[in-house]
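Q: Please take a close look at one part of this model, the helix that carries the salt bridges, and describe how it relates to the surface around it.

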Amino acid sequence: MSDPAKPGILDRLRARYGWFGHLMRAYERFDKRNGGFFAAGLTYYTIFALFPLLMVGFAVVGFTLARRPQLLNTIDDHIRSQVTGALGDQLLDLINSAIDARASIGVIGLATAVWAGLGWISHLRQALTEMWWEHRISSPGFLRNKLSDLLAMLGTFAVTLGTVVITTLGHAAPMGAMLKWLGIPEFTVFDWLFLLFSIALSVLVSWLLFTWMIARLPREKVSLVESARAGFVAAAGFELFKQVGSIYLKVVLRSPAGATFGPVLGLMVFAYITAYLVLFCTAWAATASDDPRDRHVYPPAPAIIAPRVQLDEGLSTRQALTAMGLGAVGALAFSRLTRWLR
C-alpha cells in the first residue's frame, strides 16, 4: 500500500496561515466564476458609456457659452491669437456649429447615456451577484429588473459624485485657500500634512464607494460587515493603484507618442484594474470563512406528491376469447391424459 502524497507548499501555507488560505479561496472562487471575463466586459461597457457622457458635457458647455457671449468672445480671441489662417477659422466654425446643435447633441447624448448606463449597471450587478452566490438568482421580470437597475445606477452616480466632491475638497489647493481665508500663514509642513490628509480622505471615500457597490448592487441581500471589510481592502488597493498610475502618466506623457496614446491606454487599464479589484474583493468577502457550518445551506427542491389513479377496465373481448380457448385446450388435454393413464 502506497504512502499518501505529501501536501504541496501551497497546501502547507494555506494550513499554516489563515489569511493566505482565505486569499487562495477568494482567487479560486474568482477564477471559477470567470471574474477576469466579467472585468474585461465591464471595461468595454465603461469605455462605451463615456462617449455619450462626453456628448452631454459638450451640450452643457454649449448652453453655457450661448448664455455668456463675453466668455465666447474671449475664447474666439484666444483661438485667433494662437491659431491663424484657415485652421483657426475651421475651429471657430466647429465651435459655433456645436453651440447651435447643443440641444440635439444633449438629447441624443442623454438618451444614449441612459441606455449605455443601464447596460453597464446591469452587467456590474450580474458580475457581483456571480461572485457572491453559488446558484443562479431567478429574474423578477424584465421591467422590474430595468427599474431596479435604474435606481441602482442613480444611487451609484450619487454616491460617486459625493465621493468626488469630498476628494476634491481634500486636495492641497482647496485646503490652502481655506487656510488663506482663515488667515493662517503657509508653512512647508502643511504640504506634507495636506498630502497625508488627501490620501486618507481618498481611501475613506473609496471605502464608502466600494462598500456601496459590494453590499448594495448584488441582486440579493449580502453581509454588510463582510462587504465593509472587502470595501476597505479594495480602497487600499485602489489608492495604491492610483499612485502608481500617476507616476505612469508623468513618465508616458513626456513623449509625443505617449501623449497621443497614453491617456487612452491608461483609461482602459484603469477601468480593467478597478473592475478586477472590485470583483476580486467581492469574492474575498464571499469566502470569508472556510467553516462549513458558516455556509448558507439552500433548502431542497419541493417534493411534488401527485397521486396516480389507474382504472382497471377488465379483460377485453379478444382476451376473454383467448383465455376460454386456452382453458378448453387445457381441459381436453388433461382428460386425454387421465384416460391414457387408466
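A: In this predicted model, the accessible surface of the protein amounts to about 24300 Å², and carbon and sulfur atoms account for 69% of that area. Buried residues form 28% of the 342 residues. The secondary structure consists of 12 helices and 0 strands, giving the pattern α-α-α-α-α-α-α-α-α-α-α-α along the sequence. Among contacts between residues at least 6 apart in sequence, 76% join residues that are at least 24 apart.

Against this background, the part in question is helix H10, which spans residues 224-252. The protein has 2 salt bridges by the rule applied here. One of them pairs Glu226 with Arg229, with 3.4 Å between the closest N and O atoms. Both residues belong to H10 and are 3 residues apart, about one turn of the helix. The two partners fall into separate accessibility classes: Glu226 has a relative accessible area of 18% and counts as buried because this value is under 20%, whereas Arg229, at 48%, is partly exposed because its value lies between 20% and 50%.

The other salt bridge links Glu239 to Lys242, and here the closest N and O atoms are 3.3 Å apart. Glu239 and Lys242 also lie in H10, again with a spacing of 3 residues, or about one turn of the helix. Glu239 is buried, with a relative accessible area of 7%, while Lys242 is partly exposed at 28%. In each bridge, then, a buried Glu is joined to a partly exposed partner: Glu226 to Arg229, and Glu239 to Lys242.

H10 also contributes to a nonpolar region of the surface. Tyr248, Leu249, Leu253, Phe261, Val264, Leu265 and Met268 together make a nonpolar surface patch of about 650 Å². At least two residues of this patch come from H10, and at least two from helix H11, which covers residues 256-286. H11 provides the largest share, with 4 residues. Leu253, another member of the patch, is located in the loop between H10 and H11. Its relative accessibility is 41%, so Leu253 counts as partly exposed; this value also satisfies the requirement of over 30% for patch residues.

Taken together, H10 holds the Glu226 and Arg229 pair and the Glu239 and Lys242 pair, and it shares the nonpolar patch with H11, with Leu253 in the loop between the two helices.

Notes. Residues are numbered from 1 along each chain as its sequence is written. This is a predicted model: local features need pLDDT of at least 70, side-chain atom pairs count only at pLDDT 80 or more; totals for chains, interfaces and linings use all residues. Side-chain values use heavy atoms; hydrogens and water are left out. A salt bridge is a side-chain nitrogen of Lys or Arg within 4 Å of a carboxyl oxygen of Asp or Glu. Buried means under 20% relative accessible area, exposed over 50%, partly exposed in between (1.4 Å probe, protein chains only). Contact means heavy atoms within 4.5 Å. Accessible areas come from the Shrake-Rupley method with a 1.4 Å probe; for residues, only the protein chains shown count as cover. Patches are made of residues with over 30% relative accessible area and no salt bridge: like charges are joined within 9 Å, nonpolar side chains (Val, Leu, Ile, Met, Phe, Trp, Tyr) within 5 Å.
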